[in-house]
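Trainee: I'm new to this one. Could you take me on a close look at the surroundings of the bound ligands?

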Amino acid sequence: MNDMTPTREQREAALEGMGCKRKRVEDIRFTQGKGQYVDDVKLPGMVFGDFVRSPYAHAKVTKIDASEALKLPGVIAVLTAEDLKGVNLAWMPTLAGDVQMVLADGKVLYQNQEVAFVVAENRYIADDAIQLVEVEYEELPVLTDPFKSMDPDAPVLRPDLDGKMEGAHGPRKHHNHIFTWEVGDQEETDRAFAEADVTIKELISYHRTHPSPLETCQCVASMDKIKGELTVWGTFQAPHVIRTVASLLSTIPEQKIHVIAPDIGGGFGNKVGAYPGYICAIVASIVTGVPVKWVEDRMENLSTTSFARDYHMTAEIAAKNDGTVTGLKVHVLADHGGFDACADPSKWPAGFFNIVTGSYDFPAAHLAVDGVYTNKAPGGVAYRCSFRVTEAAYCIERAMDILAQKLDMDPADLRMKNFVKPEQFPYHSALGWEYDSGDYHTAMQKAMDTIGYRELRAEQKAKQEAFKRGETREIMGIGVSFFTEIVGAGPSKNCDILGVAMFDSAEIRVHPTGSVISRMGTKSQGQGHETTWAQIIATEIGIPAADIMVEEGNTDTAPYGLGTYGSRSTPVAGAAIALASRKIRNKAQMIAAHMLEVSEYDLEWDVDGFQVKGNPQARKSMKEIAWAAYHAPPPGMEPGLEAVSYYDPPNMTYPFGAYLCVMDIDVDTGVAKTRRFYALDDCGTRINPMIIEGQVHGGLTEAFAIAMGQEIRYDEMGNVLGASFMDFFLPTAVETPHWETDFTVTPSPHHPIGAKGVGESPNVGGVPAFSNAVNDAFKFLGSTHIQMPHDAWRIWQAAKDLGAHA
Ligand code: MCN
Ligand code: CUM
């Protein structure tokens, strides 16, 4: 070996494979303003569509007169539900088994609902024309409180469902009832409660909020009438699904529909579903024969496209005096708005909410969820939610704190006592899941040691005494949160979208010179797939990540996939990428054997090539093998070096984490300052630690926003409050606390590289950490539960109600 031959370590480092803090390759264009987003798509002859929207939350639409609007120069068409009826598109199916109006058909169900679609030469003319469309409404009684949805005299929101007492998820109890979903053993749970030493019960509400991505939802539809082909560029988290849905609805054959999701400026679950804007742009392009662009503004985005949460959870825990939990009962009232349009691919109407037993070994549990209609925008599954895991984690983490308080136990100690133990994995939960792997005690202990938990508790105690003596007006809270996530939708037994099983895919082609193009069925919206997918391939086939191009989002070139949401990309597509790579490596091994004139069984893999066992000098690098695959493959073998893999995961993955928040609160102003926030995440094998850290920083910032102020509220008239950045709390660097991140690694036993998802974990674990910190601060004054969001006004009010103000 001469001095110039790189060492094994140098060869490994050159790959920038798994475990490397590789810099994000996509950021080269993003940080220079060179991303190509939907609004950058500009086609010859392109026109613009925009909506006439309802000012009322509940009203009959008695008349729509577009004649004045049509007289405005530059206005091309005005579509209403009557026009859409001609193509059977006035209503569309939702991903939750309901139907939804595309344009108001006889009535409106929430403020800003789409009433008519104006198509004009430019945005400004469209906007002017909207003012000229005359719509007559007849107001109806408004229902915004989900607790009143099933009152006997509650207004009928959905006359289209009149008399239908069977919904997509079983029997309906009332005209505003959508479903009841029950899981677990009620009898056994009742018995646990009857025999309990201690029980707690609390209504824990998770308010309505919105993911509010930087880029709103938008699309450009272009129908080529000569070829009979439709091309749609859009902000789609699941482009292939949009193609299938578009084909089913339009009857255009699927091969003649080209769906392209270009760069996306954040999705956060807001861009999974299909919206009236997409349908109207497509229909308008078919009608007019020219490309039509639709771009939401901020208010439209916040008030009409998929909101998040609005879950009202009554949690009860049964326990022994020593703190051992024996039973969990949860009832959820779920506010789905005017249509059940949850972008939920699980087979259940409340997603994976049955992970609500959390990280604790509950021997018995029972869960019931009732979904109801209200005069609010539809949605509910978005915002780093893992399909209702955010709500479930908040519910159980708040409830465990309340139990600790009742037992006069430390909340961290209560958790430690009840954690599922390492030897119990794979663990079967009382509500039906099989947790793949975990080591909760180690993670929690590391978190407590790092932050100095016992010392902080001592400091808190001293502060409480000083407060009681009147020496300070500041109180201190320590928020403990330990979450178990469930991501990787999903095994076809658990999940599908309109009947399509939720596998994902990867196609990898190695070129003669040893560079690679690879395509996946997922679609990054900022998560960094172009960087991380190349790292998996680099490690698996020994070609440097810098020589591997990753492409997603074009349905013509990418293999069919179900898209990116539910932190599923790593658990599902990540596995497909590893398996496709291994197919390539297997073929490469045969080629190398031929080149080295040995049996393939005499070869072993070493970083970036194959070497003869016991004679490492006899080796062929992957680059050499790639050339040979095209130049001189073994006799009888097909030339080329490429592979495809479609992966249907055998189970979900179960990431977890321990989050601790230290907060100082001024009771006189209600201002809460986050002194420290420590987040330990375990997402199994880590592909790119820097990207994981970025995901955690982003998710924690969103969790902070949600817990501490962000909300989509409605008044009794159904006016949506908080639908602009004047009222909707979007934290900037000024408000955002400093994040301390940490990790443990417990690989998933069923995933080819042992990886679990991480994208949503910080929101799942973060919100309870903040809320528990606020609640922990006040509990010495006798409070058990203060509802979110914890903005300064509400904290001030809570302090006042507890008699803490002078
Ligand atoms: N990763 C890793 N090692 C792991 C797990 C993940 O290096 N063990 C990396 C992945 O390779 C990927 C990123 O972390 O680059 C996130 O991976 P994963 O957890 O699989 O999640 P997805 O890629 O499926 O992303 C979806 C998730 C969801 S559901 C929401 S909502 C959310 C989130 O990602 N939306 C985001 N993070 C976001 N980040 C940005 N910038 N923009 C969004 O819209
Ligand atoms: Cu639930 S928000 Mo993400 O799944 O796109």
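Mentor: Here is a walk around ligand 1, followed by its neighbour in the numbering, ligand 2. Keep in mind that this is a predicted model.

Let's begin with ligand 1. It has 34 residues around it, and G267, S569, T570, Q695 and V758 are the closest of them. Look for the polar contacts to its nitrogen atoms. Q695 brings a polar side-chain atom to 2.7 Å from a nitrogen of ligand 1, and R384 has a polar side-chain atom 3.1 Å from a nitrogen of that ligand. With K756 the partner is a polar backbone atom, 3.1 Å from a ligand 1 nitrogen. On its own, ligand 1 has 840 Å² of accessible area, and the protein covers 96% of that. As for where the shell comes from, the elements giving two or more residues are α14 (529-541), α15 (569-596) and α17 (689-708). Sorted by class, the shell holds 10 nonpolar, 19 polar and five charged residues.

Now move over to ligand 2. Its surroundings are made up of Q237, F268, G269, A382, Y383, R384, C385, S386, Y565, G566 and E760. Here the contacts to look for involve oxygen atoms of the ligand. A polar backbone atom of G566 sits 2.5 Å from one. Side chains take part too: Q237 has a polar side-chain atom 3.0 Å from a ligand 2 oxygen, and E760 places a side-chain N or O atom 3.0 Å from an oxygen of ligand 2. This shell splits into five nonpolar, four polar and two charged residues.

Definitions and conventions:
Residues numbered from 1 in each chain as written. Chains lettered and ligands numbered in written order. Predicted model: local features only at pLDDT ≥ 70, side-chain atom pairs only at ≥ 80, totals over all residues. Heavy atoms only, no water. Near = heavy atom within 4 Å. Polar contact = N/O pair within 3.5 Å; in protein donor to acceptor, adjacent residues only side chain to side chain. Areas by Shrake-Rupley, 256 points an atom, 1.4 Å probe, with all protein chains shown as cover. Helix = DSSP H or I, 4+ residues; strand = E, 2+ residues; numbered from the N terminus. Nonpolar A, V, L, I, M, F, W, Y, C, P; charged D, E, K, R; others polar.
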